[in-house]
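Thanks for coming, everyone. Please have a look at the chain on the screen, and then I will walk you through its inside.

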Amino acid sequence: LLVESAMRILKSVSDDFEVIVVNDGSTDGSYEILEGLNRKYPRFRAVHHKTNRGYGAAIKTGFKSCRNDLIFYTDGDGQYNMEEIIKLLGALDGADMVNGYLYTRSDPFYRIILGKVYQALLRLILRINIKYIDCDFRLFRRHVIDNIKLDSNGGFICAEMIKKISGKGYIIKEVPVSHYPRKNGKSQFFNFKNVHKLLLDFVKFSIKNKRNS
């Protein structure tokens, strides 16, 4: 459904686009579904990791696979409204990147609280000054992605990305976007492995950033 929505919306604004989905080693039948979409849509491409390599690794693979001058990415869990790509495109003039921010968040209460604590820590320690660091509904000009090196293979990649982009002096605009309850499955983020990886990356990056400042 997400792919179909993206196809329909992008067709309405451009004749030159592609939709890429990165399958991060899923074992739930995603491979077969995505290969079916490959055959159905000429402008669709599926990229498969043989094993699960992490959220950040999937984003980096997606970026490397892109061919066009504008790059947009979002999560595949259906919690964002693909129609709002139009809002990001409308705000791109004079900017290097447009970042969505959530004016409401449709997640369990504990995730909202933990998210606010994490965002506050990022702003305090890394001095990242945008409204919502972890909103994965973003549009970039290609030179932005080409001129930063992303290291994290986990959930910390969002903070690393924003810190490095803002550190380059690129102009970031922000627009409010909607957020909806997850339609299928459940988040794989809140387990020991992923949280431990995020915190470890956070500490390493914070130390490195302090040394370089």
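Let's start in the middle. The largest nonpolar core has 28 residues. The residues with the most contacts inside this core are Phe63, Leu122, Phe140, Phe156, Met161 and Ile165. Keep in mind that this is a predicted model. As a general point, nonpolar side chains tend to be buried together in soluble globular proteins.

Which elements build this core? At least two residues each come from α3 (55-65), β3 (70-74), α5, α6, α7 and α8. The largest share is that of α7, with six residues.

Let's zoom in on Met161. Leave out residues up to four places away in sequence, and Met161 touches Ile59, Phe63, Tyr73, Arg138, Phe140, Ile148 and Leu150.

There is also a second core, separate, with 27 residues. Val19, Ile85, Ala91 and Tyr132 are among them.

Back to α7. Is this helix largely enclosed or largely open? Eight of its eleven residues are buried, so α7 is largely enclosed by the rest of the structure. The buried ones are Ile157, Cys158, Ala159, Glu160, Met161, Ile162, Lys163 and Ile165. Notice that Glu160 and Lys163 are on that list too. After α7 comes Gly169, with a positive phi near 85°.

Now a strand. β3 has two faces. Ile71 and Tyr73 make up the covered face. Leu70, Phe72 and Thr74 make up the uncovered one. The partner of β3 is strand β5 (residues 137-141). The two pair in the antiparallel sense, over five bridges. Where does Ile71 stand? Ile71 is opposite Phe140 in β5. And Phe140 is one of the core residues I named at the start.

Next, the rings. A search of the whole structure finds eight aromatic pairs. One of them is Tyr118 with Phe202, an edge-to-face pair. Their centres are 6.1 Å apart, with 90° between the planes. This pair links distant parts of the chain. Tyr118 is in helix α5 (residues 109-126), Phe202 is in helix α8 (residues 192-212), and their positions lie 84 residues apart in the numbering. Both rings belong to buried residues: Tyr118 has 12% relative accessibility, and Phe202 has a relative accessible area of 7%.

Phe202 has another partner, Phe156. This time the pair is stacked, at 5.8 Å centre to centre and 25° between the planes. Here, too, distant parts of the chain are linked. Phe156 is in the loop between α6 (142-146) and α7 (157-167), 46 residues apart from Phe202 in helix α8. Phe156 is buried as well, with a relative accessible area of 1%. Put the pairs together and you get a cluster: ring pairs link Tyr118, Phe156, Phe202 and Phe205.

Rings can also have a charged neighbour over the face. Arg43 lies over the face of Phe17, at 5.1 Å from the ring centre. Lys131 does so over Tyr101, also at 5.1 Å from the ring centre.

On to the cysteines. How many disulfides does the structure hold? Zero. Why is Cys66 not bonded to Cys158? Cys158 has the closest cysteine sulfur, but the distance is 15 Å, so it is too far for a bond. Cys66 is buried, at 16% relative accessibility. Cys135 is in no disulfide either, and the nearest cysteine sulfur, again that of Cys158, is 9.2 Å away. Cys135 counts as buried because its relative accessibility is 0%.

Finally, some residues that are not buried. Leu200 lies in helix α8. Leu200 counts as partly exposed, because its relative accessibility is 37%. Take His143 as a reference point: the C-alpha atoms of Leu200 and His143 are separated by 29 Å, and the two residues are 57 apart along the chain.

Then there is Arg127, in the loop between α5 and β5. Its phi is near 55°, a positive value in a residue other than glycine. Is Arg127 buried or exposed? Arg127 is exposed, with a relative accessible area of 71%.

To find your way back in, start at α7, which supplies the largest share of the 28-residue core. Then go to Phe202, which pairs with Phe156. That's my tour. Over to you.

Definitions and conventions. Residues are numbered from 1 along each chain as its sequence is written. This is a predicted model: local features need pLDDT of at least 70, side-chain atom pairs count only at pLDDT 80 or more; totals for chains, interfaces and linings use all residues. Side-chain values use heavy atoms; hydrogens and water are left out. Rings of Phe, Tyr and Trp (its six-membered ring) pair if their centres lie within 6.5 Å; planes under 30 degrees apart count as stacked, over 60 as edge-to-face and the rest as tilted. Helices (H or I, at least four residues) and strands (E, at least two) are DSSP runs, numbered from the N terminus. Buried means under 20% relative accessible area, exposed over 50%, partly exposed in between (1.4 Å probe, protein chains only). A charge sits over a ring if NZ of Lys or CZ of Arg is within 6 Å of the ring centre and within 35 degrees of the ring normal. A disulfide is a pair of cysteine sulfur atoms within 2.5 Å. A nonpolar core is a set of buried Ala, Val, Leu, Ile, Met, Phe, Trp, Tyr and Cys residues joined through side-chain atoms within 4.5 Å. Contact means heavy atoms within 4.5 Å. Two strands pair if DSSP finds at least two bridges between them.
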